Amino acid sequence: MDVAITRSERTEALLDGRVLPGALNVNWMSPPINEMFTRMLRGQDFAASEMSLTYAMLALDLGEAPLVTLPVFLDRTFRHRDVYIRADGKI
């Protein structure tokens, strides 16, 4: 089965084969993120894949993809930790 995930320090061992998923025969893939989302939503090209919450909810709401969503978060950090303000701005 093909499973698409993004490459990171948390998934590298799956992608390079250091960690094996037991008796499952998984072909781990790491396509570019936009390609991963598009291929999953349009053609269900993978048995499972990462998906942004926004893409998944829109697809489910529009009835465009027969997806089962699981709330699994590999990276639990606040991504918007920096704020930039123009020196000559009004803030």
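What share of the 91 residues in the protein is made up of buried residues? In this predicted model, buried residues account for 19% of the 91 residues. The cut-off for buried is a relative accessible area under 20%.

**Overall form**

The protein has three helices and three strands. Read from the N terminus, its elements follow the order β-α-β-α-β-α. The radius of gyration is 17 Å, well over the 12 Å that the globule rule gives for 91 residues, so the protein is more spread out than a compact globule. Measures along the principal axes describe the outline in another way: the C-alpha trace spans about 60 × 35 × 20 Å.

Contacts can also be sorted by distance along the chain. Among contacts with a separation of 6 or more, 44% are between residues 24 or more positions apart. The accessible surface of the protein is about 7400 Å², and carbon and sulfur atoms hold 56% of this surface.

**Salt bridges**

Six salt bridges are found in the whole structure. Side chains of opposite charge can pair when their charged atoms come close. The table gives three of the pairs, with the N to O distance and the relative accessible area of each partner.

| Acidic residue | Basic residue | N to O distance |
|---|---|---|
| Glu12 (25%) | Arg7 (52%) | 2.7 Å |
| Glu9 (65%) | Arg10 (45%) | 2.6 Å |
| Asp45 (35%) | Arg39 (26%) | 3.0 Å |

Glu12 is partly exposed because its relative accessibility is 25%, whereas Arg7, at 52%, counts as exposed. In the pair of Glu9 and Arg10, Glu9 is exposed at 65% and Arg10 is partly exposed at 45%. Asp45 is partly exposed, with a relative accessible area of 35%, and Arg39 is also partly exposed, at 26%. The pair of Asp45 and Arg39 belongs to a network of salt bridges that also includes Glu35.

**The loop before helix 1**

Thr11 is in the loop between strand 1 (2-4) and helix 1 (12-15). Is Thr11 buried or exposed? Its relative accessible area is 3%, so Thr11 is buried. A polar atom of the Thr11 side chain lies 3.0 Å from the backbone nitrogen of Ser8. This distance falls within the 3.5 Å cut-off for a polar contact.

**Helix 3 and the loop before it**

Ser52 is found in the loop between strand 3 (48-49) and helix 3 (53-62). With a relative accessible area of 23%, Ser52 is partly exposed. Ser52 and Ile33 are 19 residues apart along the chain, and their C-alpha atoms are separated by 9.5 Å.

Which residues form a nonpolar patch on the surface? The patch consists of Leu53, Met57 and Leu60, which together have about 270 Å² of accessible area. Leu60 lies in helix 3. At 33% relative accessibility, Leu60 counts as partly exposed. A residue needs over 30% relative accessible area to be part of a patch, and the 33% of Leu60 is given above.

Notes: Residues numbered from 1 in each chain as written. Predicted model: local features only at pLDDT ≥ 70, side-chain atom pairs only at ≥ 80, totals over all residues. Heavy atoms only, no water. Helix = DSSP H or I, 4+ residues; strand = E, 2+ residues; numbered from the N terminus. Buried < 20%, exposed > 50% of the residue type's maximum accessible area, 1.4 Å probe, protein only. Patch = residues over 30% accessible without salt bridge, like charges linked within 9 Å, V, L, I, M, F, W, Y side chains within 5 Å. Areas by Shrake-Rupley, 256 points an atom, 1.4 Å probe, with all protein chains shown as cover. Salt bridge = Lys/Arg side-chain N within 4 Å of Asp/Glu carboxyl O. Polar contact = N/O pair within 3.5 Å; in protein donor to acceptor, adjacent residues only side chain to side chain. Rg over C-alpha atoms; globule rule 2.2 N^0.38 Å. Contact = heavy atoms within 4.5 Å.
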